Amino acid sequence: TPTVGVLALQGDVREHLEALAEHGARPVTVRRPRELAEVDGLVVPGGESSTMDKLVRAFDLQGPLRERIADGLPVYGSCAGMILLADRLVDRAPGQETLGGMDVLVRRNAFGRQVDSFESDLHVRELGGEPLRAVFIRAPWIEEAGPDVQVLARVESGPAEGRVVAARQGRLLATSFHPEVTGDHRVHAYFVDLVRRG
Ligand code: GLN
């Protein structure tokens, strides 16, 4: 049974722990370097990416997280978590840093301030045929992706049609949306599988 951590400094931690447990992982919270050292995979949840970045640094986790990412730790970032995994940001907060690892340019609050949150169905081939209900909350999108990045999903209609909202690069997975708030946890299943395959 793989041990999968959820970075528990800020954001919606509990829902991720539950979704991971449902899919055969042993979920643990991560707030300290010694807790990070024990996980086989890590979820970086949604929340506020600039706050999470400050806490990551305050808890002396930035260096250890960057090291484990460089060593190939599977990490799944949702929403603010996607922002933390991005090598480059548009509209970052003053002084905001990321962990990086994914060769992407991510735009924060990309859907506009007037569009606080919305839901949309996505067809993600890697998750089987059924459409996935995606919940976006002040969400980012991936504006540019390097050659090693595999696009998993794009917005399918409306003004943001075609925008990349899920992607993978090696063992790093990112979604703009929050799969932990729906009952459909195929993203978590996909991630736990990625962790199992090491
Ligand atoms: N807008 C938030 C940020 O910039 C992300 C929102 C979320 O994680 N739901 O971090």
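A residue is taken to be near a molecule if its C-beta atom, placed from the backbone, lies within 6 Å of that molecule. By this criterion, the ligand in the predicted model is surrounded by Gly 46, Gly 47, Glu 48, Ser 49, Cys 79, Ala 80, Ile 83, Arg 108, Asn 109, Ile 137 and Arg 138. This shell divides into 4 nonpolar, 4 polar and 3 charged residues, where Ala, Val, Leu, Ile, Met, Phe, Trp, Tyr, Cys and Pro count as nonpolar, Asp, Glu, Lys and Arg as charged, and the others, Gly among them, as polar.

Residues are numbered from 1 along each chain as its sequence is written. As the model is predicted, local features need pLDDT of at least 70 and side-chain atom pairs count only at pLDDT 80 or more, while totals for chains, interfaces and linings use all residues. The protein has a mean pLDDT (the predictor's confidence in each residue, from 0 to 100) of 96, and 98% of its residues reach 70 or more. For the complex, the predictor gives an ipTM of 0.95 and a pTM of 0.97.

Helix H4 spans residues 62-70; helices (H or I, at least four residues) are DSSP runs, numbered from the N terminus. Leu 65, Arg 68 and Ile 69 of H4 are buried, with 20 or more other C-beta atoms within 10 Å of their own, whereas exposed residues have 12 or fewer. The three buried residues lie on the same side of H4 because they cover an arc of only 100° around the axis, taken from the directions from the helix axis to the C-beta atoms. Gly 63, Glu 67 and Ala 70, on the other side of H4, are exposed. After H4 comes Gly 72, with a positive phi near 100°.

Key
Helices (H or I, at least four residues) and strands (E, at least two) are DSSP runs, numbered from the N terminus.
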